[in-house]
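Visitor: Before we begin, I would like each label explained by setting a value against its rule.

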Amino acid sequence: MGSRSTRLELRLAARYLRGRGRLFGLSLNTIIATAGVMIGVAALIVVLGVMNGLRDELRDRILVANPDLRILTYGQALRMEPWRGALDTVLADPDVVAAAPEVITQSLARNRAGYMAVLNLVGIADTGSRSVTTLPAAIRDGDLTFRTGRDTVDGGIILGYRLANRMSVFPGDVIELVGYASARVNRAVGEIVPKFWLLEVTGTFDTGMFQYDDTFGVVSLELAQKLDGLGEGVSGIQIKVTDAWKAPEIGRRLERQLGYPYRALDWQTQNQQLFSALELEKLGMGLIICIIMIVAAFNIVGTLTMVVADKTREIGILRAMGFTSRAIARVFVLQGAIIGAVGTVLGMGLGLAVAYVIDRSGLIRINPTVYFVDRLPVHVELLDVAVVALVSLAVATLATIHPSRTAARLVPVEAIRHE
């Protein structure tokens with residue numbers, strides 16, 4: 001009896017979805033309500049995918065030339081010496097994939113024509129066999145051996161391709177670096193005289209991140225130690241871990257093992273403001289798009305209210321034939337649920353299709369100097385799609401409460417007399 005009653009309620013709900021002024025066998029109000037749900041779901045999926053894409057692209061591009069984790073030291077000079085014992089302790093951790101010493105410094109670079117640019121210099125002992133970063137894959141020309149073709153230079157350097165273009169230098173050209181850390185004091189005049197280093201450009205790299213490609217250069221660890229006047233010391237230890245998202249947890253564990261004066265700095269903490277802003281934007285955009293779904297819910301309310309008004313006489317007849325008020329209410333709840341389900345499924349299909357086309361085609365270009373990436377990435381996550389679907393169905397179902405109660409409260413005799 002229960003299943004027969006349910007089938008009858010479903011048939012009535014499907015019948016009420018049709019009406020006067022049919023299009024594709026459905027009433028125009030039903031199509032508008034379904035389209036509203038579909039557009040809201042599709043827009044929310046695409047927007048959340050865009051925010052996820054920006055987050056993932058930034059993470060991947062930050063980690064091209066930036067390690068998952070760094071071990072640094074305290075003090076004004078930020079100089080780590082000795083460091084080999086700390087490196088052995090780091091490599092012994094089961095979550096550490098690779099680790100290597102590094103030197104980070106700044107300098108002024110000048111080409112033969114006299115053009116000068118500020119250069120963020122990174123010295124690494126990483127040939128790519130056990131790479132801490134994915135920088136080897138981003139190198140256009142040359143490699144991390146920094147082999148030079150001249151005997152008159154102090155070493156080789158690999159520049160970001162934007163920086164190389166800005167300085168009009170190519171592989172094989174020589175640039176001059178100003179080394180203030182390795183400067184000496186001229187006792188005759190009592191002034192500090194910087195040391196000038198001649199470096200051959202042995203290659204370029206393209207990380208896809210404007211900040212790296214426009215301001216960074218990479219040299220060997222030994223050359224960076226000389227440029228920065230560190231002797232045998234280093235700035236820190238680069239670390240690659242099994243899961244980049246667990247870097248803060250692994251960093252805290254290494255801090256406890258190494259003890260003072262060592263400290264850990266993970267990539268998330270280093271870029272905390274940027275990723276916090278992205279999460280806030282994701283939340284804000286999600287709430288704004290949810291308003292579209294609420295508007296769609298009002299469409300459902302309007303559609304069902306009009307059906308109740310149009311089918312009042314029929315509802316009265318059904319009540320007189322033995323339909324309970326709950327059964328009448330369920331008919332309209334089912335009607336709203338069908339609109340919500342169909343709109344949600346169509347919206348998911350539309351949203352996933354639009355997200356795929358935008359992401360694969362790179363159709364929407366953005367300014368890399370502002371957003372760090374040059375195209376709009378869209379990465380849809382299964383959890384986001386599931387949440388959007390559940391919210392859409394919940395909103396559509398809640399929208400049926402008022403019309404279904406109105407229909408359930410109709411008095412059979414008065415409903416039958418209704419004109």
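Guide: What follows is a short exchange on burial, salt bridges, a surface patch and cavities.

Guide: This is a predicted model, in which local features need pLDDT of at least 70 and side-chain atom pairs count only at pLDDT 80 or more, while totals for chains, interfaces and linings use all residues. Residues are numbered from 1 along each chain as its sequence is written, and side-chain values use heavy atoms, with hydrogens and water left out.

Visitor: Why is Asp93 called buried or exposed?

Guide: Buried means under 20% relative accessible area, exposed over 50%, and partly exposed in between, with a 1.4 Å probe and protein chains only. Asp93 has 4% relative accessibility, so Asp93 counts as buried.

Visitor: What makes Asp93 and Arg253 a salt bridge?

Guide: The term requires a side-chain nitrogen of Lys or Arg within 4 Å of a carboxyl oxygen of Asp or Glu. The closest N and O atoms of Asp93 and Arg253 are 2.9 Å apart, so the pair meets that definition. The two residues are 160 apart along the chain, with Arg253 in helix H8 (residues 247–258); helices here are DSSP runs of H or I with at least four residues, strands are runs of E with at least two, and both are numbered from the N terminus.

Visitor: How do you know which label suits Arg140 and Asp206, and what joins them?

Guide: Their side chains meet in a salt bridge at 3.3 Å, N to O. Arg140, at 48% relative accessibility, counts as partly exposed, and Asp206, at 28%, is likewise partly exposed.

Visitor: Why is Leu283 called exposed, and which patch holds it?

Guide: Leu283 has 52% relative accessibility and therefore counts as exposed. Together with Leu280 and Leu287, Leu283 forms a nonpolar patch on the surface with about 330 Å² of accessible area. Patches take residues with over 30% relative accessible area and no salt bridge, joining like charges within 9 Å and nonpolar side chains (Val, Leu, Ile, Met, Phe, Trp, Tyr) within 5 Å; the areas come from the Shrake-Rupley method with a 1.4 Å probe, and for residues only the protein chains shown count as cover.

Visitor: How do you know that Ala389 is buried?

Guide: Ala389, in helix H14 (residues 382–398), has a relative accessible area of 14% and is therefore buried. Its C-alpha atom is separated by 9.4 Å from that of Ile45, 344 residues apart along the chain.
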